[in-house]
Amino acid sequence: MATKKEIMRQLLKGVSWNEAARALRCSKATVAKCAAKMAEERIGPERLESMTDAEVSGLFADGRGKRGEEYLEPDYARVCDQLARVPKMTLALQWARYCDCNPGGKRLYGYSGFCRRVGEYARVHDLVARIAHEPGRTMLVDWAGLTASVFDSVTGKRSPAYLFVASFPWSAWVHAECFPDMRSRSWISAHVHAFQAAGGVPDILVPDRCATATDRRRKSEPIKVNDAYLEMAEHYGCAVVPARARRPRDKAAAEKAVDLCETWVLAPLAEERFTSFDELNAEVRRLVDALNARPFSRREGCRDDAFFGEERAALNPLPAEPFELYEWRRCKVSPDYHVQCDHMRYSVPYRLVGRTVDVRLGAASVAILDGGETVAEHRRLRGRRGQYSTDSAHMPPEHLEAQSLWTRGWFERRAAEIGPETRKLIAAVLDAHPVEAQGYVPCSNILSLSGRGRAAELEAACARVNEMGGTATYTRVKNTMAAARSEAAARPEAPTVQVVDRAAHAGRVRGAEYYRRRRGGADAQ
């Protein structure tokens, strides 16, 4: 709407009332009032240009401004606070409360006027301070709310793919990658890949207060970065500063990056069908590269130009080795001087038999520590369960002289006490291992099946396994014993006729001879 000063300026140029009203989109009556006021106050071009809009509007004061004193003004601060803080709070409910509270009997604003004034108050008082970012200073990280899909090539089952988004706010450069879950290992791997893609490390990481980044059991407890995330940050020499809860403006750049990735990356993939995460992430990288190459709408260049041109040089260098997330276990060294982790066995020096040690499992390596000192390292075994990784330096000089260890003779003697078939099977188990000591634990497990009076069952099961041939294992012998018991239970028993010796069970009942003697005596009398 045109101001009265602009109407006067048009009238001074000689424009007619109709033309001025049509050009400035105001009523002809307003133009007439401005013309009358110019004549009354003798306003010329020079005086008009020296006056402000407020001074010109003041010439038309007619007392209507005092009417506002008759209206009850709402508590704007309280209304805006409750709209932001209370779930499901609406302007309609606030207006109803405003109408119910009128102690002075003043006039009340209508609903539209109430909403307009609350909106004006919010625009004036809800001020936002712009965060000034420095090149290479921070990297904002978050998970996207939407997901992609990966389908099994055989069953066709759909699995969700979660998109990790990292953004450098100074250049707005984005890195994104999909993972099968949002657990700690995926979270750490996503950061490692983001650092590698950026070619450097920022000073500060700003995540949400998610479980993979922070530890807090109660709301009253302070926020603490969890151990795995902190270990990763220390490896790369950066700090972790989680954003405040329910303060999305603290990491507005990350929210914007997530929104862009959902629009320009996830939305185009909605109709695509991927059978592996490698295939999906290849397409994600292509779309993210296109997003980083798109020109800015309000500044020159693109994200790639800003990042590779200046921000990348401000990043800290990458360490010599990428961070690897380890799993820790506590294991006891068995008598065959091996520890078992994830169904695989790794050797340690035989002097540690019976000790409890720490095992550090990495993606490709396994380290065993005793008292904080690394005593053994192995390549991590994958695939078939029950594999052994044995270092010859960990073996004792002579197993027979090691009284604290099992020996072949000891197992064969125990097996011979059960039966020849058991002894034959135990010997086959020991011969099947490249290192004889690797068969000690399987032999011990097999011999333990003879407990509770089942030595005969074990001997029969060993005979059946020896006859069938193949690899003798604890599970196979145990299943053979269970099958034999099931067959015996299912076999019907033949009916038996029990012959009872009545004389043997007669007890105190007198026989016929007694009464014969008794009758003869009575006749003699």
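Cysteine 443 is buried, with a relative accessible area of 0%. Cysteine 302 is buried too, at 9%. Both values fall under the 20% cut-off for burial. A disulfide is a covalent bond between the sulfur atoms of two cysteines. The structure holds 0 disulfides.

This is a predicted model, and confidence varies along the chain. The protein chain averages a pLDDT of 82, and 84% of the residues score at least 70. Confidence peaks in strand E3, at a mean of 93. It is lowest in helix H19, residues 512-524, where the mean is 61. Over residues 127-131 the pLDDT is below 50, and that stretch has 3 contacts beyond near neighbours in sequence. Residues 400-404 also stay under 50. For residues 400-404 the model has 1 contact beyond four places in sequence.

Now turn to strand E1, residues 138-151. Of its 14 residues, 11 are buried, so E1 is largely enclosed by the rest of the structure. In a regular strand the side chains alternate between the two faces of the sheet.

E1 pairs with strand E2, residues 158-168, in the antiparallel sense, over 9 bridges. Phenylalanine 151 of E1 stands opposite arginine 158 in E2. The two strands form a hairpin, with 6 residues between them. Glycine 156 sits in the turn and has a positive phi of about 80 degrees.

E1 also pairs with strand E4, residues 204-206. Here the sense is parallel, over 3 bridges. Threonine 138 has isoleucine 204 in E4 as its bridge partner.

Next comes the nonpolar core. In soluble globular proteins, nonpolar side chains tend to be buried together. The largest nonpolar core here has 30 residues. Within this core, Phe164 and Tyr229 touch the most other members. Five elements, E1, E2, strand E3 (173-179), helix H9 (184-198) and helix H10 (227-236), each give two or more residues to the core. H9 supplies the largest share, 7 residues.

Which residues does tyrosine 229 touch, not counting those up to four places away in sequence? Val141, Trp187, Ile188 and His191 are among them. Val141 lies within the span of E1, while Trp187, Ile188 and His191 fall within the span of H9. Tyrosine 229 also touches Leu205 and Pro207, and Leu205 falls within E4. Thr212, Ala213 and Val240 complete the set. Tyrosine 229 itself lies within the span of H10.

Definitions and conventions:
Residues are numbered from 1 along each chain as its sequence is written. Side-chain values use heavy atoms; hydrogens and water are left out. Buried means under 20% relative accessible area, exposed over 50%, partly exposed in between (1.4 Å probe, protein chains only). Helices (H or I, at least four residues) and strands (E, at least two) are DSSP runs, numbered from the N terminus. Two strands pair if DSSP finds at least two bridges between them. A nonpolar core is a set of buried Ala, Val, Leu, Ile, Met, Phe, Trp, Tyr and Cys residues joined through side-chain atoms within 4.5 Å. Contact means heavy atoms within 4.5 Å. A disulfide is a pair of cysteine sulfur atoms within 2.5 Å. pLDDT is the predictor's confidence in each residue, from 0 to 100.
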